[in-house]
Amino acid sequence: MMTDETHVLIQGAHELGITLDETTAQKLIMYLDQLELANKRFNITRISRSDALSLHVLDSLTALCIPFENQPDSILDIGTGGGFPGVPLAALIPTAQVTLLDSTLKKVTFAHNTAEVCGIHNIQAVHERAEVYAKHPSAKGSFDLVVSRAVAECKTLFKWMLPFVKSGGTAIALKGSNVEDELRGTAGILERNSAHITNIHPVTLPNTDIERFLVVLKKTSS
């Protein structure tokens, strides 16, 4: 029997234009349950369990509000923290290989191991700083989609994200209401990385009055 929380998650995803089946929703709710337990010992997130459905899972799924010409086969989540947005994206796109990147070992280890327990297996974890990992031959220019949420201002974030994006690939920065201020002074960074902004997509998180802005960057095809 479908729980109330499962129904709320499925309905919230529907409001974002995303189809979420009951089995996948239950995996994500199980993940939140495990996050709540781990958080009492390891201090992984400041968001309460009661708010996590909207502020973690549905917030992460907003990245899927952006249409893709081709569904990404490889996704990098920079600064994943407790596993967001990477774990929900992995659950919704099981054919993609999702890499969770974070400089805090306890967080990235938790996210990877807990996703496995919850039946989300298309994930690998990397404990490293973004600027260091970008120099790794297997990482530079290797991802169809690079995402990041609540990590740094755009000037810094674009420097971290764009080296990982394949030619013709996409980066999505999930930002708050001060996005226009953050974008000032980023033109040179975009030019040096052969990228441009294709869209700044506003979205209101279901069950809240919180507005997010998805800054969509495209890497020029060679």
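Select strand 6 and strand 7 together with the hairpin that joins them: six residues lie between the two strands, and among the residues of this hairpin asparagine 207 adopts a positive phi near 70°. The model on display is a predicted one. Extend the view along the two strands, which pair in the antiparallel sense over nine bridges. On this ladder, isoleucine 200 is placed opposite valine 215 of strand 7.

**The sheet**

Next, display the whole sheet. In what order do the seven strands of the open sheet lie? The order is 3-2-1-4-5-7-6, with mixed pairing. Strand 3 (123–127) and strand 6 (195–204) occupy the edges; each has a single partner strand, so one side of each has no neighbour in the sheet. Viewed across the sheet, neighbouring strands are turned against each other by 20° on average, with direction ignored.

Select strand 1 (residues 74–78) and strand 4 (residues 143–149), which run parallel and are joined by four bridges. Within this pair, leucine 76 has valine 146 of strand 4 as its bridge partner.

Now add the helices that pack on the sheet. Helix 5 (residues 105–117) touches strand 2 (97–102) and strand 3, and its direction makes about 170° with that of strand 3. Helix 7 (residues 154–161) touches strand 1, strand 4, strand 5 (165–175) and strand 7 (211–219). The direction of helix 7 makes about 150° with that of strand 5.

Return to strand 7, this time with strand 5. The two run antiparallel and are joined by six bridges; isoleucine 172 stands opposite valine 216 of strand 7. Is strand 7 mostly covered or mostly uncovered? Strand 7 is mostly covered, with seven of its nine residues buried.

**Helix 3 and histidine 56**

Select residues 49–61, which make up helix 3. This helix of 13 residues reaches 17 Å from its first C-alpha to its last, close to the 18 Å expected at 1.5 Å a residue. Colouring by accessibility is instructive here: eleven of the 13 residues of helix 3 are buried. Among the buried residues are Arg49, His56 and Asp59, as well as Leu53, Leu55 and Leu61. To see what covers them, show helix 1 (4–15), helix 2, helix 4 (86–92), strand 4, strand 5 and strand 7, which are included in the cover.

Within helix 3, pick histidine 56. Why does histidine 56 count as buried? Its relative accessible area is 5%, and the cut-off for buried is under 20%. Leaving aside neighbours within four places in sequence, histidine 56 is in contact with Leu35, Thr45, Ile47, Asp51, Phe84 and Arg149.

**Aromatic pairs**

The structure holds four aromatic pairs. Select tyrosine 31 and phenylalanine 110: their ring centres lie 5.7 Å apart and their planes meet at 55°, so the pair is tilted. The pair links distant parts of the chain, since tyrosine 31 belongs to helix 2 and phenylalanine 110 to helix 5, 79 residues apart. Tyrosine 31 is buried, at a relative accessible area of 1%, and phenylalanine 110 also counts as buried, at 9%. Add Phe84 to the selection, and the aromatic cluster formed by Tyr31, Phe84 and Phe110 is displayed.

Move to tyrosine 133 and phenylalanine 164, another tilted aromatic pair, with 5.6 Å centre to centre and 35° between the planes. This pair likewise links distant parts of the chain: tyrosine 133 is in helix 6 (residues 130–133), whereas phenylalanine 164 is in the loop between helix 7 and strand 5, 31 residues apart. Both are buried, tyrosine 133 with a relative accessible area of 9% and phenylalanine 164 with 0%.

**The nonpolar cores**

Finally, display the largest nonpolar core, which has 46 residues. The residues with the most contacts inside this core are Leu9, Tyr31, Leu61, Leu92, Ile120 and Ile123. Which helix supplies the largest share of the core? Helix 2 (residues 22–42) does, with seven residues. Select isoleucine 120 and its surroundings: apart from neighbours within four places in sequence, isoleucine 120 is in contact with Lys27, Leu28, Val87, Ala90, Ala91 and Ala115. Apart from the largest core lies another, of 27 residues, including Tyr133, Ala139, Leu162 and Ala173.

Notes:
Residues numbered from 1 in each chain as written. Predicted model: local features only at pLDDT ≥ 70, side-chain atom pairs only at ≥ 80, totals over all residues. Heavy atoms only, no water. Core = buried A, V, L, I, M, F, W, Y, C linked by side-chain atoms within 4.5 Å. Buried < 20%, exposed > 50% of the residue type's maximum accessible area, 1.4 Å probe, protein only. Contact = heavy atoms within 4.5 Å. Pairing = 2+ DSSP bridges. Axes fitted to C-alpha atoms, helices over the stretch in contact; angles between N-to-C directions. Expected span 1.5 Å × (residues − 1). Phe/Tyr/Trp six-rings, centres within 6.5 Å; stacked < 30°, edge-to-face > 60°.
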